[in-house]
Amino acid sequence: MPHLIDIAHLSRDDVWSLLDKAEYYLSAILAKNEITRCHAGVAAANLFFESSTRTSNSFQLAEQRHGMLVLNPNLSYSAMNKGESLEDTLCNLEAMGVRLFVVRHPDDLVCQHLSEQLNFGACLMSAGSGMYHHPTQALLDVLTIRQYKGEFSNLSVAVIGDLKHSRVVRSFISVLLLLGATDIRLISPPEWSLSLSADPFYHTSSMKEGVNQADVIMCLRIQKERFDEHESFLPHHYHQQYGLNDNWLTYAKPNAIVMHPGPVNRAVEITDSVADGPQSVILKQVENGVAVRMAAIDFALGYT
Ligand code: CP
């Protein structure tokens, strides 16, 4: 069965089908329609080695709406405390019948490595891996953009903040490129810029330049937990230069949407007035998360 670890493993058609399926699930959820429990009785295990509110709970809701048997092992009480390896833990859960693993881990490569250890055909989905992959976040982000803007090739997308440590931005720009976006501006302090091979992006440290006439503005969380010992950060100083406020928003198109993957650090990355304002779609992103994860589970478990 296909794993979902990296957006690069998906084709444009895969992404478009996933978004269409997510729209179907979203409509059904909002209309309180019966959802075919196509994965009823299939066991899922959610293994979160980092904190999460949105991803962990929306995966659980998605699994429960599919009628799955859901395990959320308390990892601080698992046998890994007695010396069992993560690989053995995974294989033991798979031997019990788990067929879907949802894994969040600080190491970029762990999901790929774990997916290669599975013996009985279970699939593994990344719920955020290190600084590189957050595929279901990227899918819910582009679903949100599609709902408001319809298509991608003529969009100007500005991403602001801590690009260097962000798995969200890496997955987001991968899926944007796949869907045909060409005008992607990356705005950050120079020390948090993103260096990518074959980089087609516009890099700037100027909010005015980067946000100018943008259709979509994505603010990123500052990932302090991924700083090395030489990196530091003054929230007030950052907010003065890069916090999205009503003034910066006036440079974007009047119908620009404002996004943030969460968790939001208010008065650092964004002001209350913008986060809660009429252009914010932050909670719409969250709403889309359950439907996107239902569609992603179908993709992984082979239901179309
Ligand atoms: N966007 C996101 O991954 O949020 P959580 O850390 O709350 O899951």
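**Pocket lining and ring pairs**

Colleague: By class, how many residues in the lining of the largest pocket are charged?

Modeller: A pocket here is an open set of points on a 1 Å grid over the protein atoms alone, with protein on both sides within 12 Å along at least five of seven lines, and lining residues have an atom within 4 Å of a point. Asp, Glu, Lys and Arg count as charged, Ala, Val, Leu, Ile, Met, Phe, Trp, Tyr, Cys and Pro as nonpolar, and the others as polar. Sorted that way, the lining has four nonpolar and nine polar residues, and its charged ones number seven.

Colleague: What kind of model is this?

Modeller: Residues are numbered from 1 along each chain as written, and side-chain values use heavy atoms, without hydrogens or water. Local features need pLDDT of at least 70, side-chain atom pairs need 80 or more, and totals for chains, interfaces and linings use all residues, as the model is predicted.

Colleague: How are the rings of Trp-16 and Phe-152 arranged?

Modeller: The structure holds nine aromatic pairs (Phe, Tyr or six-membered Trp ring centres within 6.5 Å; planes under 30 degrees apart are stacked, over 60 edge-to-face, the rest tilted). The centres of Trp-16 and Phe-152 lie 6.2 Å apart with planes at 80 degrees, so this pair is edge-to-face.

Colleague: Which residue counts as buried, Trp-16 or Phe-152?

Modeller: Buried means under 20% relative accessible area, exposed over 50%, partly exposed in between (1.4 Å probe, protein chains only). At 24%, Trp-16 is partly exposed. At just 2%, the buried one is Phe-152.
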